[in-house]
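Q: I am new to this structure and would like a close look at a single part of it. Could you take me through one helix and then the surroundings it belongs to?

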Amino acid sequence: MRYDDSRKVVLVGTGLVGMSYAYALLNQNVCDELVLVDIDKKRAEGEAMDLNHGLAFSGSHMKIRAGEYADCKDADIVVICAGVAQKPGESRLNLLQRNTAVFRSIVGPVVESGFKGIFLVATNPVDVMTRITLSLSGFESRRVIGSGTALDTARLRYLLGDYFSVDPRNVHAYVMGEHGDSEFVPWSQAMVATKSVMDICEESGGRYCVEEMEKLSGEVRGAAQKIIEAKKSTYYGIGMALTRITRAIFGNESSVLTVSTMLNGEYGQTGVYVGVPCVVGRDGVKQIVTLRLTEKENGKFASSCDLLRETFGGLGLDR
């Protein structure tokens, strides 16, 4: 990775998720150069033109253009939002096998370009696709990051902030595990300011209760499906989440974000990519934050990890 002042992102996949991310990058002036790569080169060129026409209205001086995998050579971050959609009646494993083929066609050329930066993956199922990126790239795991449960955690904090009538930025709670049905909220570690939400519920005289909070975690889990039913797909939220992770990397912020990373003994788990609170900075995942989970929460986390390991194992990929 370069340590000069230039900040270069190559985005692979100019669909709705990719372009929501690109639009957020532009509006927040997160990088200096953005290169769009897509199998449909004409689309990438059109998207670059459209974004460039908005530069005059932004506070940004980004250079935006369509490009090739060779442009990854001096990039700081390669963000992968490309992938194939699930066909009606198609199994999850078959979809994964098709997406693995897509990732082979992406990760190989990126690495061959001489890329030495950080992979940031958004393609679903994100935990498994990030693990696939690790296998195909041969990179250190700290430099291969998935968006994980970053968006789920933001959704949770928004809902808890609304429930307790406080600014979501003062709510400290995480969604952990798979970005999917087996994710869970470790309520034992959820705080408003520095006060446990369990204590707040206990002292509220019935105004707040754990059962209601559990409903909120269900809302978080079902949020994507609800949005998909209403508007066919989700993209703004994940675009903003990817932008937040990108900012943490470029700013060397050491921010705690629930990204998908490889566990090597943390929480008693190994060899699995999963969403956990991580310290994120210029070199990727600097540290995994290990929360003190209850026995029940540890069980939920182990089940989620088992599911992800089993899914990845079915692909027959070995690092």
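A: Here is a walk along helix α9, followed by the spaces and residues around the helix and elsewhere in the chain. Please keep in mind that this is a predicted model.

Let us begin with the length of the helix. α9 has 19 residues, and at 1.5 Å a residue they should span 27 Å. The C-alpha atoms at the two ends of α9 are 26 Å apart, which agrees with that expectation.

Next comes the question of which side faces inward. The buried residues of α9 are E297, F301, S304, C305, L308, T311 and F312. Viewed down the axis of α9, these buried residues fall within an arc of 125 degrees, so they line one face of the helix. On the other side of α9, the exposed residues are E295, K296 and E310. The buried residues have cover from other parts of the chain, including α3 (92-112), α4, β10 and β11.

Two of those buried residues, L308 and F312, also lead us to an enclosed space. Rolling a probe the size of a water molecule over the atoms shows where empty space is left. The count comes to two cavities of 30 Å³ or more. The largest cavity holds about 50 Å³ of space. Its lining is made up of D127, V128, R131, G271, V272, Y273, L308, R309 and F312. Two or more of these lining residues come from each of α4 (126-137), β11 (270-281) and α9 (295-313). Sorted by class, the lining of the largest cavity has five nonpolar residues, one polar residue and three charged residues.

The second largest cavity has about 40 Å³ of space. V175, E183, F184, V185, S217, V220 and R221 line this second cavity. Here the classes are four nonpolar, one polar and two charged.

From α4, which takes part in the largest cavity, we can step back to the loop before it. P125 sits in the loop between β5 (118-121) and α4. The peptide bond from N124 to P125 is cis, with omega near -5 degrees.

On the far side of that loop is strand β5, which contains F119. F119 is buried, with a relative accessible area of 0%. Leaving aside neighbours within four places in sequence, F119 is in contact with V78, I80, V107, V110, V111, T133, S137, F139, R143, V144 and I145. The C-alpha atoms of F119 and G251 are separated by 16 Å, and the two residues are 132 residues apart along the chain.

Strand β10, one of the elements covering α9, is worth a visit too. V256 lies in β10. With a relative accessible area of 37%, V256 is partly exposed. Setting aside neighbours within four places in sequence, V256 is in contact with Y174, P277, C278, V279 and V289. Between the C-alpha atoms of V256 and G316 there are 33 Å, and these residues are 60 residues apart along the chain.

β10 also belongs to the walls of a pocket. The second largest pocket has a volume of about 730 Å³. Among the 27 residues that line this pocket, the closest to its centre are A150, T153, A154, R155 and R157. At least two lining residues come from each of α5 (150-164), α7 (210-231), α8 (236-250) and β10 (255-264). The largest share, eight residues, comes from α5. The lining of the second largest pocket divides into 15 nonpolar, five polar and seven charged residues.

Two loops linked to these pocket elements are good places to end. N252 is in the loop between α8 and β10. N252 has a positive phi of about 45 degrees although it is not a glycine. At 41% relative accessibility, N252 counts as partly exposed. S165 is in the loop between α5 and β7 (171-172). Phi of S165 is near 55 degrees, a positive value in a residue other than glycine. S165 is exposed, with a relative accessible area of 60%.

To return to the helix we started with: the buried residues of α9 line one face, and α9 is one of the elements that give two or more residues to the lining of the largest cavity.

Technical notes. Residues numbered from 1 in each chain as written. Predicted model: local features only at pLDDT ≥ 70, side-chain atom pairs only at ≥ 80, totals over all residues. Heavy atoms only, no water. 1 Å grid on protein atoms, 1.4 Å probe; cavity = no way out; pocket = protein on both sides within 12 Å on 5 of 7 lines; lining within 4 Å. Points joined across faces, edges and corners; volume = space filled by probe spheres on them. Helix = DSSP H or I, 4+ residues; strand = E, 2+ residues; numbered from the N terminus. Nonpolar A, V, L, I, M, F, W, Y, C, P; charged D, E, K, R; others polar. Expected span 1.5 Å × (residues − 1). Buried < 20%, exposed > 50% of the residue type's maximum accessible area, 1.4 Å probe, protein only. Arc of directions from axis to C-beta. Contact = heavy atoms within 4.5 Å.
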